[in-house]
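I opened my notebook to look up how two chains meet and what runs between them. Here is what I'm working from.

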2 protein chains.
Amino acid sequence: MQIEQIELAHRPCGMPTLTNFRFETKVLPELQRNQVHLKGMYYSVDPYMRMRMNEGKSYIPPFEVNQSLNGGVVAKVIASQHPEFYEGDEVVGMLPWATECIVPGAGLQKIDTQYVSASSFLGILGMPGLTAYFGLLDICKPKSGETLFISGAAGAVGLVVAQIAKIKGCRVIGLAGSDDKVNMLKNEFGFDDAINYKTASNLNASITEMCPNGVDMYFDNVGGSISDAVISCINSHARIAVCGQISLYNETSLGEGPRFLPLILSKSALIKGFIIIDYAERFPEGIAQLSEWVGQGLLKSKETIVDGFDQLPNALLGLFSGKNTGKMIVKA
Amino acid sequence: MQIEQIELAHRPCGMPTLTNFRFETKVLPELQRNQVHLKGMYYSVDPYMRMRMNEGKSYIPPFEVNQSLNGGVVAKVIASQHPEFYEGDEVVGMLPWATECIVPGAGLQKIDTQYVSASSFLGILGMPGLTAYFGLLDICKPKSGETLFISGAAGAVGLVVAQIAKIKGCRVIGLAGSDDKVNMLKNEFGFDDAINYKTASNLNASITEMCPNGVDMYFDNVGGSISDAVISCINSHARIAVCGQISLYNETSLGEGPRFLPLILSKSALIKGFIIIDYAERFPEGIAQLSEWVGQGLLKSKETIVDGFDQLPNALLGLFSGKNTGKMIVKA
């Protein structure tokens, strides 16, 4: 049986392009004991994937050249030789960018789509939701009345962070890259205010104006000069969760920025980087709470769904120019 | 009765000089109820005082121009109108840079010098000791076998941090500004290795060589390019306590440095600034533990004592060229 998969053709230097990807036709092997045959339904594209396109060890192994990329995928079981999976089951797991695949059943998770969409398991009930949950609650530790600033606020993680912070009674200010996104943040997601960083003439002045009591918490998805501006506005005992640095992922050199450790000292501030795997043991707690909030209508999902397996490379590249609102997903 | 005091003549721009200080002769008022008349014995000079010479609010109010400077002082009670203090008592408190003074008894602490020197209460049992204790144990959370890097290792705080880390079973590497200090760190204070940053041709290479398993904890007293080098060598889940930034205190602009938030993210690392007042409620715990370790011979004091009240400005300036080893104190 022939399937299509998307391989890393060569590693990018700086911003990747479509030439970094290659479509290959493969023949699937025979289904073996404890394996399942899957057909991809929804494919996640995430900023961290850019790091995996580079050589060398990061916190997650790099993609291999001439091998299929992989990531979070929701798939349907076509055939199973695994005792826990049956034809027709829907599952989520780290799977290849392939139209179909044969993989061990171990490591797959069955999903229940009775009350939520299958794609939710790549978004609000998946890694982005968990990232928002643990980064905000475990690192920022929001208290009612405090001000939270979110960069990359209209992204998959940012939108969930904001909604949880509102549940906790915080003032929430977000930064995004278009007027449409800014309006959505304020009108659909309860942000107290939002800034279009592409048109703000003076980012520091905008932040100061929108955070008259200063910034108690900063949830950083972006890094670079945007973070420089936000950090300069922190209050005493501020907490900064470093979740993403998308503005720098395509830079060939990180360059320099203003020194801020003296401010971190004088403000007794905290900076904590994290990757979601740090919280693996607490995923059940996170998923349970996120599901409860979704069920109560306190947490809304937002997805940008791109049609067509062959659009995966384009969708991934689109993250770096802000083509997504909320979670970017490719539907096969 | 005439006394002498040292006032801030004008605020420095960049590195202060002796012209920023002025000696003034004053007449003490009458001793009032609940006041004590003190004669200064030992005066603390500390890097944070440089910040207080600047205008504007920091975490501690600035010194006032044409007013006496102040800081930690050990003094003897000459006369008392306060029910808890008697002539001959020795006390420690935040006191003016004056040969004698009349102050409220409230806020003074009686000290017991039966087993330890009076000057210890400005050093190993005072703010520097407490700073080391809470910064290391509360922020770095040392585990046996881990590697700790200390900048400003031969200073008042650094030497105590190192000794506590050795009690906790850590590998300890220090950075100091002379070969004599480096030898002292290794031969007298149990450092596993130490670097003279003034003669190291390649600081990154030296750190990598001396920390073959990477840096698990960094206790930063210095900041600037030294911290840039250490941070580039951190391990996953590293903890960085930002205690001082003495290399930058005399800079009129903080300038730029390499961006490290992407590394903090990928390493799930923690950076926490702190000032000792954050831990005020836990001072009794800290003093009790430090005293116990001193009594057990596990913690050694190191002081640079400068003779003469009139040497106070010189001693303070000396901190910025590394004239001190351990705690810098002026003896009246």
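**Where the chains meet**

I started with the contact: chain A and chain B bury about 2900 Å² between them, with 62% of that on carbon and sulfur atoms. I keep in mind that this is a predicted model. In chain A, the residues losing the most area to chain B are Arg259(A), Leu261(A) and Leu265(A), which together make up 28% of what that side buries. I then looked up who takes part, and the contact uses 36 residues from chain A and 36 residues from chain B.

Next I checked charges and found a count of 2 salt bridges between the chains. In one salt bridge the side chain of Arg259(A) meets that of Asp228(B), at 2.8 Å from N to O. The side of chain A that touches chain B splits into 18 nonpolar, 12 polar and 6 charged residues.

**Strands across the chains**

I looked at β13 of both chains: β13(A) and β13(B) run antiparallel and are joined by 3 bridges. There, Glu256(A) stands opposite Pro258(B).

Then I traced the open sheet, which has 12 strands and mixed pairing. Which strands sit at its edges? They are β10 of chain A and β10 of chain B, and each pairs on one side only. In the strand order, β14(A) is followed by β14(B). Neighbouring strands are turned by 15 degrees against each other on average, direction ignored.

**Helices on the sheet**

Helix α5 of chain A packs on the sheet and touches β8, β9, β10 and β11 of chain A. In chain B, I found helix α6 lying across β8, β9, β11 and β12, at about 165 degrees to β11(B).

Methods: Residues numbered from 1 in each chain as written. Chains lettered and ligands numbered in written order. Predicted model: local features only at pLDDT ≥ 70, side-chain atom pairs only at ≥ 80, totals over all residues. Heavy atoms only, no water. Pairing = 2+ DSSP bridges. Helix = DSSP H or I, 4+ residues; strand = E, 2+ residues; numbered from the N terminus. Axes fitted to C-alpha atoms, helices over the stretch in contact; angles between N-to-C directions. Contact = heavy atoms within 4.5 Å. Buried area = accessible area lost by both parts, 1.4 Å probe. Salt bridge = Lys/Arg side-chain N within 4 Å of Asp/Glu carboxyl O. Nonpolar A, V, L, I, M, F, W, Y, C, P; charged D, E, K, R; others polar.
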